[in-house]
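Reader: Hi! I'm new to reading protein structures and would love a close look at one part of this one. Could you walk me through it slowly?

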Amino acid sequence: MPKLMVISDTHLGVKRQTGTTQETQAELSINLLRDFRALLHIANRDGHDLLINGDLFDGFEVSKSVEFDVFKLLFKWVTESGHRLILSAGNHDLNRCSDVKSSFQNLCSYLTSVSPDRVQVIDGAWSLDRIHSVAIIPHLPNQEEFDAAMEEVLAKPDHFYVVCVHANYDNFFARESDHSLNVSAEMAKRFEDASIKMVFGHEHKKRQIGNVHIVGNQLITSVAD
């Protein structure tokens, strides 16, 4: 059985205004796609299924050229590797208005249309991946729905060993910014008591606190990274 590689916060399609020119903006976009291709190569080389744990794109709407380039890269990876691709939505991947379709949702539609057996989309509800014993909770519209999803996951402790989320850890101040979500230290402790590890996307700085594993972003997209 293949292992599961987890990446997040690649923020493809990012546009930086400060200290950039049109030429350097274009160069950044090209470099990010090159580095993203390298991540896919690692997953293919090592024979892993791949979970993108949120914020594949930098915004809910990126240019059609970036959207298509990412589609080509992921379709090629799925076709050549023969492994499964799991796409979980992050806060940057979705529009606050649920009736507006995002670039991420367009991409998911393309990929599931051409490869329905190998591409799974986590968007709007949590899912249990029994193959890898992993529960996945995507970005949800508000904290109340997110908390409810975590309670549902906690009610099934015998079905998995890891839960992947796209949220802040123990940062209530950040809950109201950038329509992001939060996992409290108390909630994380409940998962720890159930012997469940938590893998976080969203925060860009890598760190570990007990059962909380914040993997950080894999691609540099700003000076802060």
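Is Phe-75 buried, partly exposed or exposed? Please start there and then show me what surrounds that part.

Author: Happy to! Keep in mind that this is a predicted model. Phe-75 is partly exposed, because its relative accessible area is 31%, which falls between the 20% limit for buried and the 50% limit for exposed. Now look at Phe-71, which counts as buried because its relative accessibility is 13%. Phe-71 and Phe-75 both sit in helix H2 and are four residues apart, so about one helical turn separates them.

Their rings are worth a look too. The structure holds four aromatic pairs. In one of them, the ring centres of Phe-71 and Phe-75 are 5.8 Å apart and the planes meet at 5 degrees, so this pair is stacked. Ring pairs also join Phe-71 and Phe-75 with Phe-68 and Tyr-110 in a cluster.

For contrast, try finding Tyr-169 and Phe-200. Here the ring centres are 5.9 Å apart but the planes are at 80 degrees, so the pair is edge-to-face. Tyr-169 belongs to strand E7 and Phe-200 to strand E9, so this pair ties together parts that lie 31 residues apart in sequence. Tyr-169 is buried at 11% relative accessible area, and Phe-200 is buried at 0%.

Let's go back to helix H2 and see what it adds to the inside. The largest nonpolar core has 32 residues, and those touching the most other members are Phe-36, Leu-56, Val-70, Leu-74, Leu-85 and Leu-87. Strands E1, E2 and E3 and helices H1, H2 and H3 each supply at least two residues of this core. Helix H2 gives the most, with seven residues. Apart from this core lies another one of 25 residues, including Trp-126 and Val-183.

Two members of the 32-residue core make good stopping points. Leaving aside neighbours within four places in sequence, Leu-56 is in contact with residues including Phe-36, Val-70, Leu-74, Leu-87 and Phe-104. The other stop is Leu-85, found in strand E3. Leu-85 is buried, with a relative accessible area of 0%. Not counting residues up to four places away in sequence, Leu-85 touches Leu-74, Trp-77 and Val-78, among others. One more of its contacts is Val-119: Leu-85 and Val-119 are 34 residues apart along the chain, yet 4.9 Å separates their C-alpha atoms.

How values were computed: Residues numbered from 1 in each chain as written. Predicted model: local features only at pLDDT ≥ 70, side-chain atom pairs only at ≥ 80, totals over all residues. Heavy atoms only, no water. Core = buried A, V, L, I, M, F, W, Y, C linked by side-chain atoms within 4.5 Å. Buried < 20%, exposed > 50% of the residue type's maximum accessible area, 1.4 Å probe, protein only. Contact = heavy atoms within 4.5 Å. Phe/Tyr/Trp six-rings, centres within 6.5 Å; stacked < 30°, edge-to-face > 60°.
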